[in-house]
Amino acid sequence: MALVWRTRSAGETEEFGRLLASVLLPGDVLCLHGDLGAGKTVLARGIARGLGITGPVTSPTFTLINEYSGRLPLYHMDVYRLDGPGDMADLGYEEYFYGAGVTLVEWAGRVEEVLPSERLDIYLKGFPGEPELREILLTPRGKRYEELVEELSALVRAGY
């Protein structure tokens, strides 16, 4: 069961991230997919806010991983500059994927081979001519993430 959600502004995209954060558990892995400017970092900021992280949240394009402390630790990776999945070993990715926090991977398709088989894939898409409109598609991979999407869908229907 996938969930499709549309937002009409960066604020709405961030708010959707806050709502998503409310159903996250330790060990969750979120994989973000989308073109430049699709809203990946805005969604990541919303997730961080939903986890109680108040400081600046930026894409770790050059540092590769930013770690934040909140209700759960957030490990925010940007793997755009990596040459491929082999570079992930140098980052110690398994400690993040199977740790006590939430791991969020921007440009996840670049390291598909090392991603956990159970995860939440999130596809963000913008629309030409409507710069603020975003479509967010959540595709669960595995039972935990199917339950997460069901819980999030219930919250969305309830108007939260």
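Here a trainee and a mentor talk through helices, burial and salt bridges in this structure.

Trainee: Before we begin, what kind of model is this?

Mentor: It is a predicted model, where local features need pLDDT of at least 70, side-chain atom pairs count only at pLDDT 80 or more, and totals for chains, interfaces and linings use all residues. Residues are numbered from 1 along each chain as its sequence is written, and side-chain values use heavy atoms, with hydrogens and water left out.

Trainee: How do you know that the length of helix α1 agrees with its number of residues?

Mentor: Helices are DSSP runs of H or I with at least four residues, strands are runs of E with at least two, and both are numbered from the N terminus. The expected span is 1.5 Å times one less than the number of residues. For the 12 residues of α1 (residues 10–21) that gives 16 Å, and the end C-alpha atoms are 17 Å apart, so the two agree.

Trainee: What makes Arg119 buried or exposed?

Mentor: Buried means under 20% relative accessible area, exposed means over 50%, and partly exposed lies in between (1.4 Å probe, protein chains only). Arg119 has 6%, so Arg119 is buried. Asp121 has 1%, so Asp121 is buried. Glu112 has 36%, and is therefore partly exposed.

Trainee: Why is the pair Arg119 and Glu112 called a salt bridge?

Mentor: The term asks for a side-chain nitrogen of Lys or Arg within 4 Å of a carboxyl oxygen of Asp or Glu. The closest N and O atoms of Arg119 and Glu112 are 2.7 Å apart, a salt bridge. Arg119 also forms a salt bridge with Asp121, at 3.1 Å. By this rule the count comes to 10 salt bridges.

Trainee: What about Glu15 and Arg18, where do they lie?

Mentor: Both lie in helix α1, three residues apart, about one turn of the helix. An α-helix has 3.6 residues a turn, so residues three or four places apart point the same way. The side chains of Glu15 and Arg18 meet in a salt bridge of 3.6 Å, N to O. Glu15, at 46%, counts as partly exposed, and so does Arg18, at 34%. Glu15 and Arg18 also belong to a network of salt bridges with Glu14 and Arg45.

Trainee: Which residues of α2 are buried, and what do they pack against?

Mentor: The buried residues are Lys40, Val42, Leu43, Ala44, Gly46, Ile47 and Ala48. Their contacts (heavy atoms within 4.5 Å) are with α1, β2, β4 (74–78), β5 (102–106) and β6.
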